[in-house]
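This report goes through one protein structure for a reader who has not seen it before. It begins with single residues and then turns to the whole chain.

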Amino acid sequence: MGRNGYIPEVVTRVDKRGVPVIGVIISFVVGLLCLLPFPSWQSLLGFLTSATAMLWAGVPIALGSLRRSFPDAARPFRLRPAGLWAPLGFAAANLLVYWTGWETDWKVFVAIAIGYAVFFINRAFQQAEERPDLDFRSSWWVWVWILGTAAISYMGTFGQASHPSGLGYLSFPFWDTAVVVAFSLAVYYLAIRTRLPAEKARQYAPSDDELNLTPRVGAASLG
């Protein structure tokens, strides 16, 4: 992230033995601080589950976008049918976040907000030519997703069994599941529709070899 300009470049510096000392120290301190809001191992595990689900939720969207932007790319592994599994995978990730409950999810969203704050503060001190392109026209769906996921979690009933942490407007198991899945599918196809143009996406790849853009016969399908 430091090399891409998302966080201060200082975290990428290494000593004479190739160890990123500053990055290791920062990671250690941040790791310790992350333990403070959690009174038990169970609550920490819930936080990690929700955060990991949100992290990997971007993978199905990346898959769907790349399949459409580079349909002729040679692939050593072929997921069939990706056009079905990708949106379902995104919905499943959002369900995991929702099931974790607002009592834990709000901490995840605070952590995301802190991350964005670090990003924009770092960006403010960068030279114009060093600032990474935000590609807002192709990334604004992320804000819809994060804010919408937070709102749904807050309106849900999941939390401690004896003391639900959400507002309880969405009843389990039908209405809340239906809302999460419908919202997930809407965000998924919004992200696919507003994805980066193929020419711009190609700029973020170091080379065509990394994308393995060797045309294949009959590769245009999304399967």
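Ile192 counts as buried in this predicted model, because its relative accessibility is 4% and the cut-off for buried is under 20%. The residue belongs to helix α8. Apart from neighbours within four places in sequence, Ile192 is in contact with Ile61, Gly64, Ser65 and Arg68. One of these, Gly64, is 128 residues away from Ile192 in sequence, yet the two C-alpha atoms are 6.7 Å apart in space.

Two other residues can be described in the same terms. Ala86 is part of helix α4, and Ser69 is part of helix α3. Ala86 is buried because its relative accessible area is 4%. Ser69 has a relative accessibility of 15%, so Ser69 counts as buried too. Ala86 is 21 residues from Ser65 in sequence, with 10.0 Å between their C-alpha atoms. The table lists the three residues with their accessibility and their contacts, leaving out residues up to four places away in sequence.

| Residue | Relative accessibility | Contacts |
|---|---|---|
| Ile192 | 4% | Ile61, Gly64, Ser65 and Arg68 |
| Ala86 | 4% | Pro60, Leu63 and Tyr188 |
| Ser69 | 15% | Arg195, Leu196 and Ala198 |

**The whole chain**

The protein has ten helices and zero strands. Its pattern along the sequence is therefore helix after helix, α-α-α-α-α-α-α-α-α-α. It consists of 223 residues, and 32% of them count as buried. The accessible surface is about 14000 Å², and carbon and sulfur atoms make up 68% of that area. Among contacts with a separation of 6 or more, 72% are between residues 24 or more positions apart.

One peptide bond deserves a separate mention. Arg80 and Pro81 are joined by a cis peptide bond, with omega at about -20°. Pro81 sits in the loop that runs between α3 (58–69) and α4 (82–100).

**The nonpolar core**

In soluble globular proteins, nonpolar side chains tend to be buried together. Which residues have the most contacts inside the largest nonpolar core here? They are Met54, Phe90, Trp141 and Trp145, in a core of 28 residues. At least two residues of this core come from each of α2 (41–56), α4, α5 (102–124), α7 and α8. For Trp141, the contacts beyond four places in sequence are with Ile61, Val187, Leu190, Ala191 and Thr194. Ile61 is thus named for Trp141 and also for Ile192.

**Cavities**

Rolling a probe the size of a water molecule over the atoms shows where empty space is left. How many cavities of 30 Å³ or more does a search of the whole structure find? There are two. The largest cavity holds about 60 Å³ of space. Its lining is formed by Asn94, Val97, Tyr98, Asp105, Thr149, Ile152, Ser153, Val180 and Phe183. Helices α4, α7 (141–155) and α8 (175–193) are the elements that each give two or more residues to this lining. Sorted by class, the lining has five nonpolar, three polar and one charged residues. Helices α4, α7 and α8 are named both for the lining of the largest cavity and for the largest nonpolar core.

Note on methods: Residues are numbered from 1 along each chain as its sequence is written. This is a predicted model: local features need pLDDT of at least 70, side-chain atom pairs count only at pLDDT 80 or more; totals for chains, interfaces and linings use all residues. Side-chain values use heavy atoms; hydrogens and water are left out. Helices (H or I, at least four residues) and strands (E, at least two) are DSSP runs, numbered from the N terminus. Buried means under 20% relative accessible area, exposed over 50%, partly exposed in between (1.4 Å probe, protein chains only). Contact means heavy atoms within 4.5 Å. Accessible areas come from the Shrake-Rupley method with a 1.4 Å probe; for residues, only the protein chains shown count as cover. On a 1 Å grid over the protein atoms alone, a cavity is a set of points where a 1.4 Å probe fits but cannot get out, and a pocket is an open set with protein on both sides within 12 Å along at least five of seven lines; lining residues have an atom within 4 Å of a point. Grid points are joined across faces, edges and corners, and a volume is the space filled by probe spheres set on the points. Ala, Val, Leu, Ile, Met, Phe, Trp, Tyr, Cys and Pro count as nonpolar, Asp, Glu, Lys and Arg as charged, and the others, Gly among them, as polar. A nonpolar core is a set of buried Ala, Val, Leu, Ile, Met, Phe, Trp, Tyr and Cys residues joined through side-chain atoms within 4.5 Å.
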